[in-house]
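Colleague: I'm new to this structure and would like a close look at a single part of it. Could you take me through the disulfides, and then whatever else seems worth seeing?

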Amino acid sequence: MPVVSSYILRLTLQHRALYCYLILSLWILILLGVMYRYIGLENDSLNLLKYHTTEINGAPSTRNLFPFFKLPAIIKVCNPYQGIVAGSEGCNDKRYILEGLLILIRHGDRGPLTHVQNISSVNCVGPYDPLYTEFESYIDNITGTSALSQLLGTFHGIPPLPGIECGLGLLTRIGASQLLATGKALRNVYKNLFHINSSLVKEEIKAYSTRYRRTLQSALAFLFTFLNIEHFQKVTLQEAPSLSFCFDDCACPAADHYHRKFVLETYHHLRTHPSILNLVKSSSSVVYEFTDRKISTDPHALKDALLTYVCHGANLPCADIYSVPESCIKMEHINSLFNYIDWETKVISKSENLRRECLLRAYGLLKNIISHLLRIVSEKRPRIVLYSGHDKTLSYLATALGVTGKVSSPQYASRLIFEV
């Protein structure tokens with residue numbers, strides 16, 4: 001009996017092992033089937049990139065109204081610091097005396113706002129302007145002193161210099177170089193037009209920034225070359241409560257209402273161009289590390305992500321699963337996307353919902369600007385007011401003032417200046 005019991009026990013254990021093996025094999029087959037199904041679906045999406053046409057679908061009479069962007073035009077969107085020069089700034093009419101300046105700037109080149117593929121291979125460090133080395137050296141020398149504490153005001157804890165990583169939304173040294181070049185160009189225009197009282201710098205110069213690294217660091221870079229060192233080290237940066245610089249007038253449900261209506265408008269435009277919608281969806285699976293419904297149908301978010309590669313001379317991304325040309329972003333895809341956004345920009349400039357939203361969003365900033373204008377006229381100060389903000393800061397204000405077109409998406413280090 002003991003021998004028979006032992007034999008039965010061994011047989012039972014062998015069967016258990018066999019059952020486990022069969023169940024495990026079946027589970028592996030199911031997993032392989034699911035993976036095959038997933039890969040097949042992913043491949044169908046990626047194949048859109050291979051067969052996508054760069055024409056914008058629409059009525060037959062309008063199919064060829066959108067010529068390709070050439071590469072230099074795309075690079076121009078990056079606003080290379082080497083090409084930043086003075087424009088129409090400066091009062092050349094001898095009948096007038098410049099009493100003050102109000103300057104709005106957008107921050108410089110930054111990392112993407114969403115997680116993108118192969119970000120570690122993107123060089124966000126340089127090459128940067130030789131002026132940056134001088135700027136970095138100066139900030140390093142005053143780090144830990146009361147001079148930097150005074151300069152940063154309430155922005156303690158935020159690094160005054162950009163890092164070397166291509167972090168989410170973080171200013172790059174190239175971005176700092178853009179504002180250094182902007183400050184230098186404008187200083188050459190305005191340096192002889194009015195005098196700043198060195199003993200009253202805090203009254204003569206007002207500087208505001210949102211509480212983001214990129215806007216704070218951009219403000220510091222701009223002021224470093226725009227002002228002389230004596231004045232620069234006496235400035236105190238002040239915090240703005242919102243990217244729209246709304247100050248005491250931020251709560252506005254009506255602005256949110258018009259924004260929702262405007263978003264529906266833009267999505268309607270996109271749906272009338274199915275080839276672009278398909279391009280955005282298929283490209284999103286290649287460009288982003290993680291996608292959701294909102295960004296996978298947003299051409300502007302995709303443009304922003306692609307500028308990370310374009311503005312830093314990096315290789316365009318390919319899908320991780322299939323490292324073959326058919327699943328890679330190509331310049332013709334970027335051309336097509338930028339063509340559509342350029343077309344959309346012209347169309348939405350007539351949007352009543354956009355105009356109303358921008359009027360409401362810009363209301364607080366306009367009040368602040370007007371209060372400074374009145375003081376400049378009545379008290380001769382402040383001489384300089386700087387607002388270091390975002391693309392939305394400039395686009396809200398410009399649209400509210402009736403300036404349309406490219407201002408709906410200002411390039412890095414854009415500026416808008418009021419001369420009094």
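Modeller: Here is a walk through the disulfides, followed by a helix and some aromatic rings.

Before we start, this is a predicted model, where local features need pLDDT of at least 70, side-chain atom pairs count only at pLDDT 80 or more, and totals for chains, interfaces and linings use all residues. Residues are numbered from 1 along each chain as its sequence is written, and side-chain values use heavy atoms, with hydrogens and water left out.

A disulfide is a covalent bond between the sulfur atoms of two cysteines. Here a pair counts as one if the two sulfur atoms are within 2.5 Å, and that rule gives 4 disulfides. Count the bonded cysteines along the chain and the pattern reads 1-6, 2-3, 4-5, 7-8.

Take Cys 78 and Cys 311, whose sulfur atoms are 2.0 Å apart. The torsion about their S-S bond is about -85°, so this disulfide is left-handed. Cys 78 sits in the loop between helix 2 (71-77) and strand 1 (101-106), and Cys 311 in the loop between helix 11 (299-310) and helix 12, so the bond ties together parts 233 residues apart in sequence. Those helices (H or I, at least four residues) and strands (E, at least two) are DSSP runs, numbered from the N terminus. Both Cys 78 and Cys 311 are buried. For that word, buried means under 20% relative accessible area, exposed over 50%, and partly exposed in between (1.4 Å probe, protein chains only).

Next, Cys 246 is joined to Cys 250, S to S 1.9 Å. The angle about this S-S bond is 85°, and the link is right-handed. Cys 246 counts as buried, at 3% relative accessibility, whereas Cys 250 is partly exposed at 37%.

Another disulfide joins Cys 318 to Cys 328, with 1.8 Å from S to S. The link of Cys 318 and Cys 328 is right-handed too, with 105° about the S-S bond. Cys 318 and Cys 328 are 10 residues apart, each in the loop between helix 11 and helix 12. Cys 318 is partly exposed at 22%, while Cys 328 is buried at 12%. And then there's Cys 252, which is in no disulfide: the nearest cysteine sulfur, that of Cys 246, is 9.7 Å away.

Now for helix 12, which covers residues 331-348. Its expected span is 1.5 Å times one less than its number of residues, so 18 residues should reach 26 Å, and the end C-alpha atoms are indeed 26 Å apart. Helix 12 is mostly covered, with 13 of its 18 residues buried.

On to the rings. Rings of Phe, Tyr and Trp (its six-membered ring) pair if their centres lie within 6.5 Å; planes under 30 degrees apart are stacked, over 60 edge-to-face, and the rest tilted. The whole structure has 12 aromatic pairs. In one of them, Phe 135 and Phe 224 have ring centres 5.2 Å apart and planes at 55°, so the pair is tilted. Phe 135 is in helix 3 (residues 130-142) and Phe 224 in helix 7 (residues 213-226), 89 residues apart. Phe 135 is buried at 0%, and Phe 224 is buried at 7%. Ring pairs also link Phe 135 and Phe 224 into a cluster with Tyr 128, Tyr 132, Tyr 138 and Phe 232.
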